[in-house]
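Visitor: I am new to this structure and would like a close look at a single part of it. Please take one helix and follow what surrounds it.

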Amino acid sequence: GEQTVGQDQDFRARKSTRKTSSIFDFGAMTMNPNLFHRLYQRLSDLVPDLANVTLGSTFFAPPRIAGDMSIYCSVSSVQDGVIELEMAHDQVVKGEEQPAPWMVFRVDVVKQQAELLAVQDEWRYEVVYSEDNRANPRRIPMNLFAVNWLTIMLNLHSVFQPVVAPALTLA
């Protein structure tokens, strides 16, 4: 399934209606603390100096072999030790590689726990919490999916590398 630009804009529109990570109750993570700690560990293994990232930091995991996907990670929020990470991967659309939204995580660096907030695949966009903060019944399987994907990345020796924006000078 190819993703069109309209689908990408639709993802961003739905994502923009999500509540910010500061509203969510991290106490809900105590339901399965090992899962959320494992997710944090995988992210900290993949993202350099995760506990000290800043808003707007961007990372890139290049493809390991020809035809493999590239994965991008950016920091969209940092507030009181809680980070929101957004990941995208490239996919071929009409013969061109384009970034496609993929997963959004909330990361608590103090508690060393992380949780998947949203995921998009070829068939659907799914959030973990509704507008009124009710947990999706698939919350645990969705987070297991994320842990498994991040573990695969580690097993394939993928690690995010910081992307340094070129310095602009005004002439």
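Guide: What follows is a walk along the last helix of the chain and outwards to its surroundings.

This is a predicted model, in which local features need pLDDT of at least 70 and side-chain atom pairs count only at pLDDT 80 or more, while totals for chains, interfaces and linings use all residues. Residues are numbered from 1 along each chain as its sequence is written, and side-chain values use heavy atoms, with hydrogens and water left out.

The chain holds 3 helices and 7 strands, where helices (H or I, at least four residues) and strands (E, at least two) are DSSP runs numbered from the N terminus. Read from that end, the order is α-α-β-β-β-β-β-β-α-β. Helix α3 spans residues 139-155, and its 17 residues reach 24 Å from the first C-alpha to the last, close to the 24 Å expected at 1.5 Å a residue; the expected span is 1.5 Å times one less than the number of residues.

The residues of α3 that are buried are R139, I140, M142, N143, A146, V147, L150 and M153; buried means under 20% relative accessible area, exposed over 50%, and partly exposed in between, with a 1.4 Å probe and protein chains only. These residues lie on the same side of α3, because they cover an arc of only 165° around the axis, the arc being that of the directions from the helix axis to the C-beta atoms.

Turning to the interior, the largest nonpolar core has 38 residues, of which L43, L85, F105, V107 and F160 touch the most other members. Such a core is a set of buried Ala, Val, Leu, Ile, Met, Phe, Trp, Tyr and Cys residues joined through side-chain atoms within 4.5 Å. At least two residues of this core come from each of α2 (33-46), β1 (58-61), β2 (71-79), β3 (82-93), β4 (96-108), β5 (113-120) and α3. In soluble globular proteins, nonpolar side chains tend to be buried together. Leaving aside residues up to four places away in sequence, F105 touches a list of residues that includes L39, L43, L85, L117, A146 and L150, a contact meaning heavy atoms within 4.5 Å.

The structure holds 2 aromatic pairs, counted when rings of Phe, Tyr and Trp (its six-membered ring) have centres within 6.5 Å, with planes under 30 degrees apart called stacked, over 60 edge-to-face and the rest tilted. One of them, between F60 and Y72, is tilted, at 5.3 Å centre to centre and 40° between the planes. F60 belongs to strand β1 and Y72 to strand β2, so this pair ties together parts that are 12 residues apart in sequence. The rings of W102 and W149 have centres 5.1 Å apart and planes at 85°, so their pair is edge-to-face. Since W102 lies in strand β4 and W149 in helix α3, the pair ties together parts that are 47 residues apart in sequence. W102 is buried, with a relative accessible area of 5%, whereas W149 is partly exposed, at 27%.

Just after α3, H157 takes a positive phi of about 60°, although H157 is not a glycine. H157 lies in the loop between α3 and β7 (161-162), and with a relative accessibility of 60% this residue counts as exposed.
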